[in-house]
Amino acid sequence: MLKLKNYQERTLAKLTAFLDEARILDAKRSFTDLQDAQGYRSTYKEIKGLEDVPYICLRLPTGGGKTLLASYAIGEAADHYLEQDFPIVLWLVPTDIIRKQTLQVLCSTKKENRRVLDAKFNGKVRVYDITDFNHLRIQDLTDRVNVFIATFAAFRVTSKDGRKVYGTSESLAPCFRSIPPQSYFDTDKNGVMLHSFRNLLAFLRPLILIDEAHNHSSKLSIEVLKRLRPSAIIELTATPAENSNVLYKVSASELKAEDMIKLPIHMEEHQSWEDAVTTAVQEQHRLEELAQDGKESDYIRPIVLFQAENKDRDVTVTVVHDYLVKELQIPEDQVAIATGEQRELDGIDLFDPTTPIRYVITVQALKEGWDCSFAYIFCSVAKVASSKDAEQLLGRVLRMPYAKRRVHPELNRAYAHIAVSTWREAVGKIKDNLLDMGFEDEELDSSVKYQQQKLEGLDDDQNEQEQPTAHSLYLHTDTKPDITGLNLGLQGFMEVREASNGGYNIRINEASAADLQELHDQATEMFDNPHDVNELIHAVIQTDAFEQPKAPADRGETFVVPQLCLDFGDGPELAEKESFLPGSWHLTDFSADLPGFHIDSQNHVYSFDIENHKITETFQATQQALDLGRSTKWQVEDLVYWLTKKIKADDLPYEEVVEYLRRVLETLQQKGALLADLVRYRFVLSKKLNEHIASCRDQAYERGVETILFQEGHSIRVTPDVAMAFQPNRYPAKSFYRGTVHFNKHFYATIGDLDSKEEVWCAQCIDSNPHVVTWVRNIPKDIKNSFWLPTHKGNFYPDFVAKLDDGRVAAIEYKGEHLVTADDAKEKKLIGELWAKNSHGQCLFLMATARDTQGLDLSEQIANLLQ
């Protein structure tokens, strides 16, 4: 299977942690503890009538692979919350088009989404269209995962499909043999339980996945969910509804860094729709020549997506088609029409090299359910009344072919051609659409490159006059500005008045782009107060006309940081965590007495301490799981085999894991545990075993780090021959700094979030230091794009990395004073200093605090380090 992208692994890890904690505590407390979604409300909102049901949202921008993550989510929910070998799943999608597409993907064993399910459940998977629920057999409920693909409409009783799922089905009758009547069941007029699919789902309590959940936040949709009595609900969407519990958020920058989407979008305005179409065709020719010049390893045939107007307007599908074929001489077989009436893409594999199609004309039929990463160019000749229509169509050209960076830079971008006579606010519209697709405000400027055509018949001076030149600017400052250094014209336009509540109100009614640049550059001369300097700079950069200076990364500058290496005689190699794991470590060297697992055999009570939380279970003979006609008698060997599928121990021989598990079970039975109970609690047991084995592994790592780094230090190397480089266009911040402080030297145009006032102050001290050329807010947990140092528990990512004017680099970690004495902080400090010590003076390290043991404040500590 394909390796998951970093952001996908982090999303699933967050989901798993939430499900684990929700199983022990509750969804509300788990959400409060674990939410990581800047900009979304932090309070968990329960759904009335579903208070016991975890209901969370994973927010991923368009192109983030929501369907793939949904496939993984089924396995995570089965293990970490439902504790079922074979859950029943209802996968809800917004439209019939999406339903058919999802069904096709999940039914094909060649598709990655299906392979994920098959790998997790050993191929015991059945996927159904909602209309085929009658094919469900009683043995399927105990022998395999059953995934039903449906729209919300299928469960609304007014719909045709709704009447089917709520009505009695003779084929489902065998599934109800062992199910007693329940108060929540639908009955006929005589009060007899209906053998309906809805009743079966309500009894089994399905896991519900919702694709593009923002479409289903109405009261009616919530009522549908209540009828189905889900065990858990997981939403996946780019645009969460206001009432969604957003657990985790992925940014477009993370997708871009992982080569999932094409950015930036190069957008060009045109005087007429004919010019827009012609230029889009020319762009297609140019991109196809690049794609097929022999330098690209994969086949790519760039496609143009044309958005025409409705039938009652001027530039219809037919008009665009005729212009392509008759005026531009495009071969007929290269053009396809995809509308509600003409479905010329049905049954066509656009990835097939023998397929000639290069141009697709639509109105809005492709806004959902169409996915071809060969689409590179979006050309709109239509006045887009709905921003949502444009958003969905634009999203079709953002996916990167094969999720891999291309050799030619032009093939890493998307293109948009807009007829200005029909879309006069093109730039604003495009940016609004990107926001709707899950982009952040901070990502917009770098995501859209705008080119405006000059008007024919006008000279350069006249064209310049057509552009808006006057801009208004308003701000409030604590102190009065010194404007004597500004040009006289700008001084004349500036109004400075004392405010009634103190301070000064400053207004500039007419400012050119040059004036704005002057205000930006003279801010420190106008004010002594740093707060007022930032207020002015912030006001200037918020205007549409101001073009900020390019960040060092955008200017082509380099930023390389030597990494910690080990040399055992074959040359320096990156010191990864695995370097410290002794090759001779054995799980069987550790005790088989599982800590945190307690048995009160007299009262038949089992307690599990997991992640500092306690689960207490009381086994009763009447609490048997639903037996639908198939009983299984487990032996110790069966449980051992089952556990091997759940244990994370790829670094150990399979035989050793089996032997250790056998010893653990034997020890538990000697202490009074019954095998039947261990089977019943096997999911909790597997979690406790994974936690224990991870602890054993950490102990082995810790010994390795101590031995190799601090006892045998002769193997340590820090050399520029092994280094990481901060790459242009690869800054996968998942959230962004949104404060008022303006930074001038950050390597990238955007800055990753600064978690506290102290971190902001730390960044200011670095940014203002005269020896700093540039710096980076280091992104944690991104081994490919960030600087890191190894520890026995993983990798350590210093908060800031700076490049100095003499070529040295500095790594700075900020810790609150109450955290400095923690064991992990001590280890980070030791390893950071070890890295600096072995760099021959080329690297510096500081574990900074608000005030150190010598009484120096943060600015003094940084100044001393960087001198």
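1. A residue is called buried when its relative accessible area is under 20%, and in helix α8 that description applies to F197, R198, N199, L200, L201, A202, F203 and L204. Helix α8, which spans residues 197-204, is accordingly described as mostly covered, with eight of its eight residues buried. Please keep in mind while reading that this is a predicted model, and that the remarks below describe the model as it stands.

2. Where the helix ends, the backbone deserves a look, for just after α8 the residue R205 takes a positive phi of about 55°. R205 is a residue other than glycine, and its place is in the loop between α8 and β5, the strand of residues 207-211. Is R205 buried, exposed or partly exposed? With a relative accessible area of 25%, R205 counts as partly exposed, because the partly exposed class lies between under 20% and over 50%.

3. A second residue can be read alongside R205, namely Q329, which has a positive phi of about 60° although it is not a glycine. Q329 sits in the loop between α12, residues 317-327, and β10, residues 335-337. Its relative accessible area is 59%, so Q329 is exposed.

4. Another backbone feature to find in the structure is the cis peptide bond that joins L263 and P264, where omega is about 0°. P264 belongs to the loop between α10, residues 252-257, and β8, residues 265-270.

5. For the chain as a whole, there are 27 helices and 29 strands, and buried residues make up 54% of its 867 residues. Contacts can also be sorted by how far apart their partners are in the sequence: among those between residues at least 6 apart, 72% join residues at least 24 apart.

6. The interior may be approached through a general tendency: in soluble globular proteins, nonpolar side chains tend to be buried together. In this model the largest nonpolar core has 103 residues, and of these F155 and L225 touch the most other members. The largest share of this core, 10 residues, is contributed by α3. Leaving aside residues up to four places away in sequence, F155 touches L90, L92, I130, A150, V165, Y166, F197, L201, V224, R227 and L228. Two of the residues in that list, F197 and L201, are also among the buried residues of α8. A second core, separate from the other, has 72 residues, including L564, L594, F608 and I610.

7. Two packed helices are described by the angle between their axes and the distance between the axes. Helix α1, residues 6-24, and helix α3, residues 66-82, pack at an angle of about 25°, with their axes 9 Å apart. The two helices are therefore roughly parallel to each other, since angles under 35 degrees count as roughly parallel. Their crossing is right-handed. On the α1 side the contact is made by Q8, T11, L12, L15, T16, L19, D20, A22 and R23, and on the α3 side by L68, L69, Y72, A73, E76, A77, H80 and Y81. Sorted by class, this contact has 10 nonpolar, four polar and three charged residues.

8. Helix α1 also holds K14, whose C-alpha atom is separated by 8.3 Å from that of Q35, a residue 21 places away along the chain. Apart from residues up to four places away in sequence, K14 touches L34, D36, L247 and Y248.

9. A further helix pair is α22, residues 654-670, and α24, whose axes come within 13 Å and cross at roughly 120°. This angle makes α22 oblique to α24, and the crossing of the two is right-handed. The residues in contact are Y660, L661, V664, L665 and L668 of α22, together with L685, L689 and H692 of α24. By class, they divide into seven nonpolar, one polar and no charged.

10. Finally, which residues does K688 touch, when those up to four places away in sequence are not counted? They are L594, P595, G596, D609 and I610, and two of them, L594 and I610, are among the members of the second core. K688 itself lies in helix α24, which runs over residues 682-710. With a relative accessible area of 5%, K688 is buried.

Notes. Residues numbered from 1 in each chain as written. Predicted model: local features only at pLDDT ≥ 70, side-chain atom pairs only at ≥ 80, totals over all residues. Heavy atoms only, no water. Axes fitted to C-alpha atoms, helices over the stretch in contact; angles between N-to-C directions. Helix = DSSP H or I, 4+ residues; strand = E, 2+ residues; numbered from the N terminus. Parallel < 35°, antiparallel > 145°, perpendicular 65-115°, else oblique. Left-handed = near helix turned anticlockwise from the far one by under 90°. Contact = heavy atoms within 4.5 Å. Nonpolar A, V, L, I, M, F, W, Y, C, P; charged D, E, K, R; others polar. Core = buried A, V, L, I, M, F, W, Y, C linked by side-chain atoms within 4.5 Å. Buried < 20%, exposed > 50% of the residue type's maximum accessible area, 1.4 Å probe, protein only.
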